[in-house]
Amino acid sequence: MGGSEERVVAVIMVGGPTKGTRFRPLSLNIPKPLFPLAGQPMVHHPISACKRIPNLAQIYLVGFYEEREFALYVSAISNELRVPVRYLREDKPHGSAGGLYNFRDLIMEDNPAHIFLLNCDVCCSFPLPEMLEAHKRYGGIGTLLVIKVSVESASQFGELVADPVTKELLHYTEKPETFVSDLINCGVYVFTPEIFTAIQGVSSQLKDRANLRRVSSFEALQSATRSFPSDFVRLDQDILSPLAGKKQLYTYETRDFWEQIKTPGNVAGTIVLSDSSLSLANETAMKQIGPNVSISANARIGPGARLISCIILDDVEVMENGVVINAIVGWKSSIGKWSRVQAEGAYNAKLGITILGEAVTVEDEVVVVNSIVLPHKTLNVSVQEEIIL
Amino acid sequence: MKALILVGGFGTRLRPLTLSVPKPLVDFANKPMILHQIEALKAIGVTEVVLAINYQPEVMLNFLKEFEAKLGIKITCSQETEPLGTAGPLALARDKLVDKSGEPFFVLNSDVISEYPLKEMIAFHKSHGGEASIMVTKVDEPSKYGVVVMDEATGHVDKFVEKPKIFVGNKINAGIYLLNPSVLDRIQLRPTSIEKEVFPKIAADKKLFAMVLPGFWMDIGQPRDYITGLRLYLESLRKKSSTKLATGSHIVGNVLVDETATIGEGCLIGPDVAIGPGCVVEAGVRLSRCTVMRGVRIKKHACISSSIIGWHSTVGQWARVENMTILGEDVHVCDEIYSNGGVVLPHKEIKSSILKPEIVM
C-alpha cells in the first residue's frame with residue numbers, strides 16, 4: 001500500500017580510489033562508478049532503477065572520491081531524471097555499513113520508513129518496488145536481494161541460506177572455501193531505520209575488542225589478517241552474518257540476470273550494442289562490426305576494420321583494416337592500420353581481455369595480445385601477455 | 001641569465017611513482033628531481049627558469065609557487081598543447097628566454113642528474129666563442145644512446161650518431177646545453193628534434209662545441225637507473241665531505257636521512273640509502289641500496305634492498321623486499337611477505353608474496 005508518509009531514501013555506495021583497484025587501468029582516469037556501461041555511466045543504472053520506487057525522497061551516493069569528481073554528474077542526473085541525487089563524501093573508508101551509519105542524520109532527515117542500500121557496481125534488473133513490498137510483508141529490519149548461481153561461481157560471493165517458506169535469512173557467509181549454498185547476495189538491500197541501531201551495537205563491540213587488543217600483546221602478535229579500525233564496519237560480515245537466523249533479516253529472490261562489475265573483464269562480459277550513440281554515418285559495406293560490440297560517440301572506425309566482442313570508448317580512432325577482438329579500447333586511443341588488438345576473451349582471467357587505457361597509440365601493423373596497457377603509451381612493437389606500465 | 005628545463009610528458013617509465021605525481025616532482029635523494037636542477041641554476045646566478053611542460057600544469061604550478069618564494073628565483077611554465085619534441089619547446093618559450101642582453105641561456109633535461117658544473121660551462125662557452133655548447137659524458141655502452149662524435153682537442157662537434165652499431169666514440173649527449181639566442185632562429189615551432197635537426201646544422205657550421213662533463217651523470221627516468229643514480233649522487237656528496245650524509249654505528253657507506261625521520265635500535269642502514277621526511281624505521285631493520293620516500297613506515301625486522309618505497313607506504317614486520325621492487329604511493333606490504341621485484345600500483349595491499357618480478361595493479 002504505502003501511504004504518503006512511507007517515504008523511501010536510497011543510498012548507493014560508490015567506493016573510492018583505493019577501492020576497485022581491480023578495475024585498473026580503466027579506473028586510472030575515471031572513477032569506476034562513472035565508467036560507461038551500455039552507453040551510460042555505471043552508476044546510472046542503479047539510480048534510474050531507484051526512480052521506480054514509490055515515494056522516493058532522495059538518492060545519496062556515498063563514497064570517498066573527491067567531491068569534484070561527482071559534482072557535474074550528480075547535478076546532471078538530478079536534472080535529467082527529476083529526482084534529487086546528492087554525493088556524500090566520507091573522509092575515509094568506513095566499510096559498507098560504516099558509510100551508511102556515518103551519514104545517518106542526513107539519511108533520516110526525510111524521515112524515511114525504508115532505506116535502500118545498493119552497490120554501484122551491480123548490474124541487474126533491480127526489482128526494487130517488488131522487493132519493497134516483500135520487505136514490508138516480512139516485517140524484519142532488512143531484506144536482501146538474492147539470486148541462485150552456479151555452484152562453481154558461488155564461492156566468489158556471499159553465500160546464504162534462506163528458509164524456503166518464510167524467506168528468512170538463516171545463515172550468511174562471505175566467500176566461503178567450502179560449499180554452503182548456491183544462493184548468493186546480490187548487493188542490493190532494503191532496511192528499516194532500526195539498521196542504524198544494529199550498526200551502532202556492532203561498532204561499539206568492535207571498539208571494545210580493539211581496546212582489549214591494545215592490552216593483550218598476544219593479540220598483537222596475531223596479525224594474520226589486517227586489523228580494521230573500530231569505525232570500519234562491513235555490512236556483510238559484521239552485521240548480516242550475526243543477525244542471520246534471528247528473524248530480523250529476510251530474502252527476496254530474483255530470477256533475472258545479475259552481474260557484478262569488478263574488473264574490465266566483467267564489463268566486456270555484459271556489453272550490448274549501444275544503439276543510441278552508434279554513429280556509422282560513413283560506414284561502407286566493407287566495415288564489419290559485431291557481434292557484441294559497443295562503440296561510443298565520436299569514435300571513428302575506418303574502412304576495412306573488423307571489430308568483434310569489444311568496447312570502443314569515446315574519441316577512439318580505429319584505422320583502416322585494424323582488427324579488435326575481445327578488448328576494451330580506452331578514450332582517445334588510436335589503433336593503427338593493419339594492427340591487431342586481441343585477447344582470448346576469458347572475462348575472469350587477469351589478462352583474459354586486452355585493455356588499452358586512455359590515449360594509447362598502437363602503431364601500424366603492431367599486434368597486441370592478451371595484454372593491459374596503461375594510459376598514454378605508444379606501442380611500436382608487438383606484445384603478448386604483458387602489462388605495459 | 002635564463003634557463004629552460006625540458007620537463008616533457010607522462011613519465012611512463014617511472015610508473016608507478018608517476019601515477020601519483022608528475023615526474024619532475026618525484027623525489028630523488030629526498031628532494032623533488034627538478035629542485036636539484038633549479039638549485040644548481042640559482043647557484044650560478046640564473047634569475048629565471050622556464051619549465052617546458054605538457055602534462056598536469058596545475059600540479060607543477062602549485063609546487064612552483066612554494067619554491068619560487070623559498071629559493072628567490074622566478075619560475076614560469078611554458079605549456080605545449082601538442083608534443084613539440086626536444087627542440088620545439090625552445091621556440092615556444094622564445095619570448096621568455098631572450099631579452100635585450102643577448103646572453104646565452106641554459107637548456108636542461110629534467111631526467112638528468114649530475115654535478116652541474118655550470119660555471120665551468122659558461123667559461124668554456126665564452127672561450128670558444130661558438131653558438132652552442134653541449135655537455136657530453138663518457139659511458140661504457142655508447143650504443144645504447146646517441147653518440148657525439150667530436151674533436152677531442154678543439155671540442156668541435158663533428159656529428160651525432162644514434163645508437164651506433166660500430167664504435168664511433170664513447171661520449172654521449174648529457175642533456176645540458178648552453179645556447180646563444182641565435183639558436184632560436186634555427187628552430188621552428190613544430191615537433192622538432194634538437195639532436196637530429198638543430199645541432200647537426202650548427203655542427204656543420206662549425207659552431208657547436210662539446211665539453212666533457214666532469215663527475216657523475218645519470219638519466220634517472222627509469223627505476224634501475226634511479227637506484228644507480230642515487231649511488232653516484234651520494235658518492236659525490238662523500239667526495240665533497242658533505243655533512244648531509246648520516247653518521248653512526250648503524251650506518252654503512254653513504255646514507256642520507258632526513259632530519260624528521262626516525263630510526264630504531266639495532267638497524268643497519270646502507271650503503272646507498274635515502275630516507276625521506278617523516279619516515280619511521282622501526283627496530284632491527286636492514287636497508288641497502290634503496291629509497292624510502294616521505295611518510296613511509298618500515299616495521300620491525302624488515303629487510304629491503306635495491307628497491308624504491310613510495311610515499312606513505314608501509315612494509316610489514318619481517319618482510320623482505322628486494323630486486324627492483326617499486327612500491328607506488330600508499331602501498332602496504334603485510335607482515336612476513338616476500339617481494340622479489342614486485343611493481344605495485346598505488347593504494348594496494350600486498351597480502352601474499354611476490355616470488356618473481358610482476359606488476360600488481
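Helices and strands are taken here as DSSP runs, numbered from the N terminus. The structure is a predicted model.

**Exercise 1. Locate the cis peptide bonds at A:Pro25 and B:Pro271 and a positive phi value at A:Lys332.**

Solution.
Step 1. In chain A, the bond joining A:Arg24 to A:Pro25 is cis, with omega about 0°. The loop between β1 (8–15) and β2 (36–37) of chain A holds A:Pro25.
Step 2. In chain B, a cis peptide bond links B:Gly270 with B:Pro271, and omega there is about 5°. B:Pro271 belongs to the loop between β16 (268–269) and β17 (273–275) of chain B.
Step 3. A:Lys332, a residue other than glycine, has a positive phi, near 65°. Its place is the loop between β19 (323–329) and β20 (334–335) of chain A.

**Exercise 2. Describe the interface of chain A and chain B by its contacts, its buried area and its salt bridge.**

Solution.
Step 1. Contacts are made by 16 residues of chain A with 16 residues of chain B.
Step 2. The size of an interface is often expressed as the accessible area lost when the parts come together. For chain A and chain B this area is about 1,500 Å², with 59% of it on carbon and sulfur atoms.
Step 3. On the chain A side, the most area is lost by A:Arg24, A:His376 and A:Leu389, which together account for 41% of what that side buries. A:Arg24 is also a partner in the cis peptide bond with A:Pro25.
Step 4. The rule finds one salt bridge across the interface. The side chains of A:Lys350 and B:Glu358 meet in a salt bridge at 4.0 Å, N to O.

**Exercise 3. Determine which parts of chain B are tied together by the salt bridge of B:Asp111 and B:Arg13.**

Solution.
Step 1. Over all chains, a search of the whole structure finds 28 salt bridges.
Step 2. In one of chain B, the side chains of B:Asp111 and B:Arg13 meet at 3.7 Å, N to O.
Step 3. B:Asp111 is in the loop between β6 (105–109) and β7 (112–114) of chain B, and B:Arg13 is in the loop between β1 (2–8) and β2 (27–28) of chain B, so the pair ties together parts 98 residues apart in sequence.

**Exercise 4. Characterise the packing of helices α1 and α2 of chain B.**

Solution.
Step 1. Two packed helices are described by the angle and the distance between their axes. For α1 (residues 33–43) and α2 (residues 57–71) of chain B, the angle is about 30° and the axes are 12 Å apart.
Step 2. Angles under 35 degrees count as roughly parallel. The two helices, α1(B) and α2(B), are therefore roughly parallel to each other.
Step 3. Their crossing is right-handed.
Step 4. α1(B) contributes B:Ile34, B:Leu35, B:Ile38, B:Glu39 and B:Lys42 to the contact, while α2(B) contributes B:Phe63, B:Phe67 and B:Leu71.
Step 5. Of the residues in this contact, six are nonpolar, none polar and two charged.

Note on methods: Residues are numbered from 1 along each chain as its sequence is written. Chains are lettered from A and ligands numbered from 1 in the order in which they are written. This is a predicted model: local features need pLDDT of at least 70, side-chain atom pairs count only at pLDDT 80 or more; totals for chains, interfaces and linings use all residues. Side-chain values use heavy atoms; hydrogens and water are left out. Axes are lines fitted to C-alpha atoms, for helices over the stretch in contact, and angles run from 0 to 180 degrees between N-to-C directions. Helices (H or I, at least four residues) and strands (E, at least two) are DSSP runs, numbered from the N terminus. Angles under 35 degrees count as roughly parallel, over 145 as roughly antiparallel, 65 to 115 as roughly perpendicular and the rest as oblique. A crossing is left-handed if the near helix is turned anticlockwise from the far one by less than a right angle, and right-handed if clockwise. Contact means heavy atoms within 4.5 Å. Ala, Val, Leu, Ile, Met, Phe, Trp, Tyr, Cys and Pro count as nonpolar, Asp, Glu, Lys and Arg as charged, and the others, Gly among them, as polar. Buried area is the accessible area (1.4 Å probe) that two parts lose on being put together, summed over both.
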